[in-house]
Amino acid sequence: VDADDHNIYIYYPMSAGGGSKRLFRKVDNKSSKYYADEHKVRRDGSYIYEEFVDTQGTDVKVYSVGPYYGHAEARKSPTLDGIVLRGDD
């Protein structure tokens with residue numbers, strides 16, 4: 001597994017409409033693309049698979065700052081429309 005590989009695939013279960021979404025390093029304001037007919041799981045490398053969790057379009061990032069403090073942020077997930085929203089800071 002390569003931590004610098006940002007070619008992440010999200011495979012949607014058929015109950016959620018199926019298909020897959022590919023996440024990648026942001027180009028302009030886009031960071032993902034949906035493929036309705038692509039649901040074959042990649043098996044040509046080493047990957048980490050996690051359970052699909054339907055977050056209703058919310059992306060949560062959690063940061064740990066030392067052993068006793070954590071900070072979390074929630075925002076519109078770029079997987080909804082592929083567009084990354086950033087603040088001015």
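**View 1. Strand 1 meets strand 2.** Four bridges hold strand 1 and strand 2 (residues 20–27) together, and the two run antiparallel. Two pairs of residues are good places to start in this predicted model. Ile10 has Lys21 of strand 2 as its bridge partner. Ile8, in turn, stands opposite Leu23 of strand 2.

**View 2. Strand 2 turns into strand 3.** Strand 2 also pairs with strand 3, in the antiparallel sense and over five bridges. Together, strand 2 and strand 3 make a hairpin, with two residues between them. Look for Asp28 in the turn, where phi is positive at about 60°. Beside the turn, you can pick out Val27, which stands opposite Lys30 in strand 3.

**View 3. The three-stranded sheet.** Step back a little, and the pairings shown so far become one open sheet of three strands, in the order 1-2-3, with antiparallel pairing. Strand 1 (8–11) and strand 3 (30–35) each have a single partner strand and stand at the edges, so each has one side without a neighbour in the sheet. On average, neighbouring strands of this sheet are turned by 25° against each other, direction ignored.

**View 4. A salt bridge between Glu38 and Arg22.** The structure holds one salt bridge, and here it is: the side chains of Glu38 and Arg22 meet at 3.1 Å, N to O. The pair links distant parts of the chain, with Arg22 in strand 2 and Glu38 in the loop between strand 3 and strand 4, 16 residues apart. As a reminder, side chains of opposite charge can pair when their charged atoms come close.

**View 5. How open are the two salt-bridge partners?** Are Glu38 and Arg22 buried, exposed or partly exposed? Glu38 has a relative accessibility of 38%, so Glu38 counts as partly exposed. Arg22 has a relative accessibility of 22% and therefore also counts as partly exposed. The cut-off helps here: buried means under 20% relative accessible area, and exposed means over 50%.

**View 6. Confidence along the chain.** Since you may want to know how far to trust each view, here is the predictor's own confidence. The mean pLDDT of the protein is 80, and 87% of its residues reach 70 or more. Which element of the protein has the highest mean pLDDT, and which the lowest? Strand 1 has the highest, at 86, while strand 4 (residues 58–64) has the lowest, at 82.

Terms used. Residues are numbered from 1 along each chain as its sequence is written. Side-chain values use heavy atoms; hydrogens and water are left out. Two strands pair if DSSP finds at least two bridges between them. Axes are lines fitted to C-alpha atoms, for helices over the stretch in contact, and angles run from 0 to 180 degrees between N-to-C directions. pLDDT is the predictor's confidence in each residue, from 0 to 100. A salt bridge is a side-chain nitrogen of Lys or Arg within 4 Å of a carboxyl oxygen of Asp or Glu. Buried means under 20% relative accessible area, exposed over 50%, partly exposed in between (1.4 Å probe, protein chains only).
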